[in-house]
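User: Hey, got a minute to go through this one with me? I'd like to talk about helix packing and empty space.
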Amino acid sequence: MRTAMFTLVRLGPSLAYATAAVFLISMLLLEYSPSSTSAWWLYMAILPLMREPIYLLFAVPGVGIWIATVLLILASLFGIQLALQPQRHLRSGFIHAHVALIATGLTMGRAAVAQAGLSSFSLPRLLRGDWTFLPLSSPLGTLLFILVLSACICCHLRILERTYRSGAE
């Protein structure tokens with residue numbers, strides 16, 4: 001039971017990469033069928049969660065929507081392999097989880113400071129502005145952040161355990 005639970009936690013970064021790939025697929029669906037309500041629903045549901053990481057990925061020279069989709073699908077599949085064999089790929093799992101954490105943290109940080117309106121003109125308006133954590137208001141955003149953070153904690157615990165075991169011998 002404990003092993004299965006930790007495996008599910010370690011799949012958190014793969015879920016984040018897969019969610020980003022689904023976001024790109026929804027963009028492609030909108031390109032080919034702009035009147036599809038389901039494509040719009042999918043796009044708008046994932047947009048607050050994956051906008052910043054995807055736009056950063058698009059900022060890399062030579063990365064288009066197709067290349068980004070393939071990279072994210074491969075990262076998600078690679079994460080499944082890392083989750084199933086965590087002791088074999090300790091460093092790779094650490095990097096994989098922490099890149100996903102940085103991406104979800106970047107999204108949350110950008111959403112926390114993003115506001116609409118003219119609140120910058122006066123201090124009273126600024127204090128009355130909406131300071132909610134946008135991704136945490138959605139269940140998917142909360143789940144992604146908690147799973148990815150838990151996966152990072154698991155990586156740190158595995159590294160500490162390995163260090164402790166090698167020091168004890």
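Analyst: Sure. One cut-off before we start: an angle of 65 to 115 degrees between axes counts as roughly perpendicular. Also keep in mind that this is a predicted model.

User: OK, so at what angle do helix 2 and helix 3 cross?
Analyst: Roughly 115 degrees, and their axes come within 8 Å. Helix 2 and helix 3 are therefore called roughly perpendicular to each other.

User: And is that crossing left-handed or right-handed?
Analyst: Helix 2 goes past helix 3 in a left-handed crossing.

User: Which residues make the contact?
Analyst: From helix 2 there are Ala16, Thr19, Ala20, Val22, Phe23, Leu24, Ser26, Met27, Leu29 and Leu30. Helix 3 brings Ala39, Trp40, Leu42, Tyr43, Ile46, Leu47, Met50, Ile54 and Phe58. By class, the contact of helix 2 with helix 3 has 17 nonpolar residues, two polar and no charged ones.

User: Now helix 2 against helix 4. What's the angle there?
Analyst: About 155 degrees, with the axes 8 Å apart; helix 2 covers residues 12–32 and helix 4 covers residues 65–84. That makes the two helices roughly antiparallel. Helix 2 passes helix 4 in a left-handed crossing.

User: Who's touching whom in that pair?
Analyst: On the helix 2 side, the residues include Tyr17, Ala21, Leu24, Ile25, Leu28 and Tyr32. Among those they meet in helix 4 are Ile65, Trp66, Leu72, Ile73, Gly79 and Ile80. The class count for helix 2 with helix 4 is 16 nonpolar, four polar and no charged residues.

User: That leaves helix 3 with helix 4. How far apart are the axes?
Analyst: 10 Å, and the packing angle is about 120 degrees. Helix 3 and helix 4 are therefore oblique to each other. Helix 3 passes helix 4 in a right-handed crossing.

User: What's in that contact?
Analyst: Helix 3 gives Ile54, Leu57 and Phe58, and helix 4 gives Ile65, Ala68 and Leu72. The split is six nonpolar, no polar and no charged.

User: Switching to pockets. What volume does the largest pocket have?
Analyst: About 340 Å³. The largest pocket has 18 lining residues, and Tyr17, Pro53, Leu72, Val99 and Ala103 are the ones nearest its centre.

User: Which elements give two or more residues to that lining?
Analyst: Helix 2, helix 3 (37–58), helix 4 and helix 5 (90–113).

User: How does the lining of the largest pocket divide by class?
Analyst: 17 nonpolar, one polar and no charged residues.

User: And closed spaces? How many cavities of 30 Å³ or more does the structure hold?
Analyst: Two. The largest cavity has about 90 Å³ of space.

User: Which residues line the largest cavity?
Analyst: Arg10, Pro13, Gly79, Leu82, Ala83, Pro86, Gly93, His96, Ala97, Ala151, Cys155 and Arg158. By class the lining of the largest cavity is seven nonpolar, three polar and two charged.

User: Which helices each supply at least two of those lining residues?
Analyst: Helix 4, helix 5 and helix 7 (139–168).

User: Back to the contacts for a second. Where does Leu72 turn up?
Analyst: Leu72 of helix 4 is in the contact with helix 2 and in the contact with helix 3. Leu72 is also one of the residues nearest the centre of the largest pocket.

User: And Gly79?
Analyst: Gly79 is in the contact of helix 4 with helix 2, and Gly79 also lines the largest cavity.

Methods
Residues are numbered from 1 along each chain as its sequence is written. This is a predicted model: local features need pLDDT of at least 70, side-chain atom pairs count only at pLDDT 80 or more; totals for chains, interfaces and linings use all residues. Side-chain values use heavy atoms; hydrogens and water are left out. Axes are lines fitted to C-alpha atoms, for helices over the stretch in contact, and angles run from 0 to 180 degrees between N-to-C directions. Helices (H or I, at least four residues) and strands (E, at least two) are DSSP runs, numbered from the N terminus. Angles under 35 degrees count as roughly parallel, over 145 as roughly antiparallel, 65 to 115 as roughly perpendicular and the rest as oblique. A crossing is left-handed if the near helix is turned anticlockwise from the far one by less than a right angle, and right-handed if clockwise. Contact means heavy atoms within 4.5 Å. Ala, Val, Leu, Ile, Met, Phe, Trp, Tyr, Cys and Pro count as nonpolar, Asp, Glu, Lys and Arg as charged, and the others, Gly among them, as polar. On a 1 Å grid over the protein atoms alone, a cavity is a set of points where a 1.4 Å probe fits but cannot get out, and a pocket is an open set with protein on both sides within 12 Å along at least five of seven lines; lining residues have an atom within 4 Å of a point. Grid points are joined across faces, edges and corners, and a volume is the space filled by probe spheres set on the points.
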